[in-house]
Amino acid sequence: EEEFKWLLQEEVHAVLKQLQDILKEASHRFALPTSSSGGAVKQENFVLSTSGADQVKGVLTLQGDALCQADINLKMPRNNQLLHFAFREDKQWKLQQIQDARNHVNQAIYLLMNRDVNYQFKTGSEVLKLMDAVMLQLSRARNRLTTPATLTLPEIASSGLTKMFTPALPPDILVNFYINLNKLCLTVYQLHVLQPSTTKNFKPAGGSILHNPGAMFEFGNQRYEVSHVHKVECVVPWLNDALVFFTVSLQLCQQLKDKISVFSSYWNYRPY
């Protein structure tokens, strides 16, 4: 009983402090200015690369959770024509995945700070409840970075991203940016128009993170088929750091839950 009291009064707070420190580090990695610190976020340039053919090359500029510049060259396989397009100067593309992940981290920090050092935990179940709430936020933060949204091709075609470029994207090109783990990815889809006379069986593709050649869709009273897909990516080191911090924090939460559970089960089943 004394040991359990010590665990609730001392060790739980030590773990909560450790978790706060780790998660504050994770939050800082997202490099977004808080209202208190102010100041501009530094811009980072990343070169896009692929292990396959160099059909797409480019440089992306990331500022916190926003792509503020994108400079892309695309070699068209049909005629080896080189297309160049970049973001308009007045445009930025928000990466919702980064914004959401950071919000979940901050929510986890808020939950931990709500129980300051003077707070007395009365029961093991109270600690378990807090750990579950923190782990839920951390799992959501991690999932936002590891699981890109599934989109249909018409959703990609109608996304605001298509209006970001100068010169404007040709109608037979679609682009999509997303985060996958510690990578910032760009997918470029080249399309060809399906003529009304075509004998091809038209089957519109559903939602997917990455569509394959042969995927069909209808947009603006016109039917298209994906002819080529190019995926290029770049590693964002601070996203890697954040994912490591999430993993370590989740392990700490689980270890504390396991200790509490051992004591609780002993308490429930001790002989009288």
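The legends below accompany an overview and several close-up views of a predicted model.

**Figure 1. Overview of the chain.**
The predicted chain holds five helices and ten strands. Its C-alpha atoms fill a box of roughly 85 × 45 × 30 Å along the principal axes. The radius of gyration is 24 Å, whereas a compact globule of 272 residues would have one near 19 Å. Buried residues make up 43% of the 272. Among contacts with a separation of 6 or more, 68% link residues 24 or more positions apart.

**Figure 2. Surface and charge of the chain.**
The accessible surface comes to about 14,600 Å². Carbon and sulfur atoms account for 51% of that area. There are 27 positive and 24 negative side chains. The centres of these two sets lie 5 Å apart.

**Figure 3. Leu7 in helix α1 and its contacts with residues 259 to 263.**
Helix α1 covers residues 2-29, and Leu7 lies in it. Leu7 counts as buried because its relative accessibility is 2%, under the 20% cut-off. Beyond its neighbours within four places in sequence, Leu7 is in contact with Val12, Lys259, Ile260 and Phe263. Phe263 is 256 residues away from Leu7 along the chain. Their C-alpha atoms are nevertheless separated by 9.4 Å.

**Figure 4. Helix α2, residues 96-113.**
This helix has 18 residues. From first C-alpha to last, α2 reaches 26 Å, close to the 26 Å expected at 1.5 Å a residue. Its buried residues are Gln97, Ile98, Asp100, Ala101, Arg102, His104, Val105, Ala108, Ile109, Leu111 and Leu112. Charged side chains are on that list: Asp100 and Arg102 are both buried. An α-helix has 3.6 residues a turn, so residues three or four places apart point the same way. Members of the buried set to compare in this view include Ala101, Val105, Ala108 and Leu112.

**Figure 5. Helix α3, residues 124-146.**
Helix α3 has 23 residues. Its span is 32 Å between the first and last C-alpha atoms, close to the expected 33 Å. The buried residues of α3 are Gly124, Glu126, Val127, Leu128, Leu130, Met131, Val134, Met135, Gln137, Leu138, Ala141 and Leu145.

**Figure 6. His104 of α2 and its contacts with residues 137 to 144.**
His104 is found in helix α2. With a relative accessibility of 19%, His104 counts as buried, since the cut-off is under 20%. Setting aside neighbours within four places in sequence, His104 is in contact with Gln137, Arg140, Ala141 and Arg144. Two of these partners, Gln137 and Ala141, are listed among the buried residues of α3. Leu136 is 32 residues from His104 in sequence. The C-alpha atoms of His104 and Leu136 are 8.9 Å apart.

**Figure 7. Asp116 in the loop between α2 and α3.**
Asp116 lies in the loop that runs between these two helices. Its relative accessibility is 41%, so Asp116 counts as partly exposed. Asp116 and Phe263 are 147 residues apart along the chain. The separation of their C-alpha atoms is 23 Å.

**Figure 8. The cis peptide bond at Pro167.**
Thr166 and Pro167 are joined by a cis peptide bond. Omega is about -10°. Pro167 sits in the loop between β6 (165-166) and β7 (173-180).

**Figure 9. Two residues with positive phi, Leu181 and Asn221.**
Leu181 has phi near 60°, a positive value in a residue other than glycine. Leu181 is found in the loop between β7 and β8 (183-193). Asn221 also has a positive phi, near 60°. The place of Asn221 is in the loop between β9 (216-219) and β10 (222-235). Leu181 is partly exposed because its relative accessible area is 42%. Asn221 has a relative accessible area of 80%, so Asn221 is exposed.

**Figure 10. Gln190 in strand β8.**
Gln190 is found in strand β8. With a relative accessible area of 1%, Gln190 is buried. Its contacts leave out residues up to four places away in sequence. Leu74, Lys75, Met76 and Pro77 are among the residues that Gln190 touches. Asp172 and Ile173 are also on the list. Further contacts of Gln190 are Glu225, Val226, Ser227, His228 and His230.

Key. Residues numbered from 1 in each chain as written. Predicted model: local features only at pLDDT ≥ 70, side-chain atom pairs only at ≥ 80, totals over all residues. Heavy atoms only, no water. Helix = DSSP H or I, 4+ residues; strand = E, 2+ residues; numbered from the N terminus. Expected span 1.5 Å × (residues − 1). Buried < 20%, exposed > 50% of the residue type's maximum accessible area, 1.4 Å probe, protein only. Rg over C-alpha atoms; globule rule 2.2 N^0.38 Å. Contact = heavy atoms within 4.5 Å. Areas by Shrake-Rupley, 256 points an atom, 1.4 Å probe, with all protein chains shown as cover. Lys, Arg positive; Asp, Glu negative; His and termini not counted. Charge placed at Lys NZ, Arg CZ, Asp CG, Glu CD.
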